[in-house]
Amino acid sequence: MRPPENRLRMAPFTIHATRGLLRDPKLRRIMMAISVAIAVVMLVTGLTVFRSWLHPHEHPWRFIFFWFACAWQTVLAILLALFDLLLVRADARAAREAFREQVADAAAQAAARDPERD
């Protein structure tokens, strides 16, 4: 008798891969650029090349699915940009705090070496 197959192997891998992509700033920005490019290409092709194929009265489900996918790509790019903005601001805040602590430590050491300076 064979042991039961683990059917959820894909979920942990997907979660781990997504975390890795979101934590690396370079990959996150590449994902944003690709998402924006896909949305722009979909917008242009939907309004020109696929116009008759996506006619809403003749093919309502194609129309809905295509423009939903285009909107999804746009929202994905916006959410990634907001996430990146928040992380950049948090990093800048942490760098400012570290700099303030470094300056305060240097001032305290200078005051300890030369107490008559004040």
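**A first look at a three-helix model**

User: What surface does the protein expose, and what do carbon and sulfur atoms supply?

Analyst: The protein exposes about 10,200 Å², of which carbon and sulfur atoms supply 68%; accessible areas here come from the Shrake-Rupley method with a 1.4 Å probe, and for residues only the protein chains shown count as cover. This is a predicted model, in which local features need pLDDT of at least 70 and side-chain atom pairs count only at pLDDT 80 or more, while totals for chains, interfaces and linings use all residues. Residues are numbered from 1 along each chain as its sequence is written, and side-chain values use heavy atoms, with hydrogens and water left out.

User: What does the secondary structure come to?

Analyst: There are three helices and zero strands, running α-α-α from the N terminus on; helices (H or I, at least four residues) and strands (E, at least two) are DSSP runs, numbered from the N terminus.

User: How many of the 118 residues count as buried, as a percentage?

Analyst: Of the 118 residues, 11% count as buried, where buried means under 20% relative accessible area, exposed means over 50%, and partly exposed lies in between (1.4 Å probe, protein chains only).

User: Switching to Arg28, where is its place, and is the residue buried or exposed?

Analyst: Arg28 lies in helix α2, which covers residues 25-47, and Arg28 is buried, because its relative accessible area is 3%.

User: Which side chain does the side chain of Arg28 make a polar contact with?

Analyst: The partner is the side chain of Asp84, at 2.9 Å; a polar contact is a pair of N or O atoms within 3.5 Å, and within protein one must be able to donate a hydrogen and the other to accept it, with residues adjacent in sequence counting only if both atoms are side-chain atoms. Leaving aside residues up to four places away in sequence, Arg28 also touches others, including Leu80, Phe83 and Leu87, where contact means heavy atoms within 4.5 Å.

User: New topic: how many aromatic pairs does a search of the whole structure find?

Analyst: The search finds four. In one of them, Phe50 and Trp53 have ring centres 5.6 Å apart and planes at 55 degrees, so the pair is tilted; rings of Phe, Tyr and Trp (its six-membered ring) pair if their centres lie within 6.5 Å, with planes under 30 degrees apart counting as stacked, over 60 as edge-to-face and the rest as tilted.

User: Which residues form the aromatic cluster?

Analyst: Phe50, Trp53, Phe66 and Trp67 form one cluster. Phe66 counts as buried because its relative accessibility is 11%, whereas Phe50 is partly exposed at 33%.
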